[in-house]
Amino acid sequence: MPDLEQLAVEHAARAAESPHGRSAHLVLHDGILRQTVIALTAGTTLDEHNPPTAGSVQVLRGRVSLTIAGRRQELPAGHLEPVPQERHGLLAHVDSVVLLTAVTA
């Protein structure tokens with residue numbers, strides 16, 4: 001398995017160089033389970049999208065908010081939160097890296 005801290009450093013640097021302010025890497029794909037490291041620069045958003053069957057967001061670095069129907073739920077580094085079962089997005093308040101775990105069946 002890859003080192004999550006090393007991936008966080010690598011993808012934070014890639015996000016900083018990207019014109020879109022983000023970088024992602026699929027860490028694990030095992031049947032219906034997917035884990036992805038996502039790095040976002042400060043102010044970058046992931047637009048609202050439909051939820052997976054089940055999932056969680058773990059903040060490895062920084063501070064993000066889940067955006068749900070106009071509300072924001074702030075998540076600091078170290079926080080683990082279930083993915084809401086409604087349309088949602090993600091906003092990075094500072095340069096941030098998260099681990100998204102999703103069940104896609």
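This is a short tour of the structure, stop by stop, with a selection to make at each one.

The model is predicted, so local features are given only at pLDDT of at least 70 and side-chain atom pairs only at pLDDT 80 or more, while totals for chains, interfaces and linings use all residues. Residues are numbered from 1 along each chain as its sequence is written, and side-chain values use heavy atoms, with hydrogens and water left out.

**Stop 1: the open sheet**

Select β1 (22-30) and β7 (80-82), the edge strands, each of which pairs on one side only. Strands here are DSSP runs of E with at least two residues, helices are runs of H or I with at least four residues, and both are numbered from the N terminus. Two strands count as paired if DSSP finds at least two bridges between them. Between the two edges the order is β1-β2-β9-β4-β7, an open sheet of 5 strands with antiparallel pairing. From one strand to the next, the twist averages 20 degrees.

Now add β9 (residues 96-103) to the selection: β9 and β4 are antiparallel and share 7 bridges. Ser56 is the residue opposite Thr101 in β9.

**Stop 2: the helix on the sheet**

Select residues 4-17, helix α1, which packs on the sheet and touches β1, β2, β4 and β9. Contact means heavy atoms within 4.5 Å. The direction of α1 makes about 145 degrees with that of β1; axes are lines fitted to C-alpha atoms, for helices over the stretch in contact, and angles run from 0 to 180 degrees between N-to-C directions.

**Stop 3: β5 and its partners**

Select β5 (63-68). Of its 6 residues, 5 are buried, where buried means under 20% relative accessible area, exposed over 50% and partly exposed in between (1.4 Å probe, protein chains only). Strand β6 (residues 71-76) runs antiparallel to β5, and 6 bridges join them. Look for Ser65 opposite Glu74 in β6. The hairpin of β5 and β6 has 2 residues between the strands, and Ala69 has a positive phi near 50 degrees.

β5 also pairs with β8, again antiparallel, over 4 bridges. Here Leu66 faces Leu90 in β8.

**Stop 4: the nonpolar cores**

Select Ile38, Leu40, Val57, Val59, Val64, Leu66, Ile68, Leu75, Val83, Leu90, Ala92 and Val98, the 12 residues of the largest nonpolar core. Such a core is a set of buried Ala, Val, Leu, Ile, Met, Phe, Trp, Tyr and Cys residues joined through side-chain atoms within 4.5 Å. Two or more of its residues come from each of β2 (33-40), β4 (54-61), β5 and β8 (88-92). The largest share, 3 residues, belongs to β5. A second, separate core has 8 residues, among them Leu7, Val27, Val37 and Val97.

From the first list, pick Ile68: beyond four places in sequence, Ile68 touches Gln73, Pro84, Glu86, Arg87 and His88.

**Stop 5: Leu46**

Select Leu46 in strand β3 (residues 45-49). Apart from neighbours within four places in sequence, its contacts are Arg22, Ile38, Leu40, Gly89 and Leu90.

**Stop 6: Ser96**

Last, select Ser96, which belongs to β9. Is Ser96 buried or exposed? Its relative accessible area is 3%, so Ser96 is buried. A polar atom of the Ser96 side chain lies 2.6 Å from the backbone oxygen of Val94. Outside four places in sequence, Ser96 is in contact with Ile38, Ala39, Leu40, Arg61, Gly62, Arg63 and Val64.

Methods:
Polar contact = N/O pair within 3.5 Å; in protein donor to acceptor, adjacent residues only side chain to side chain.
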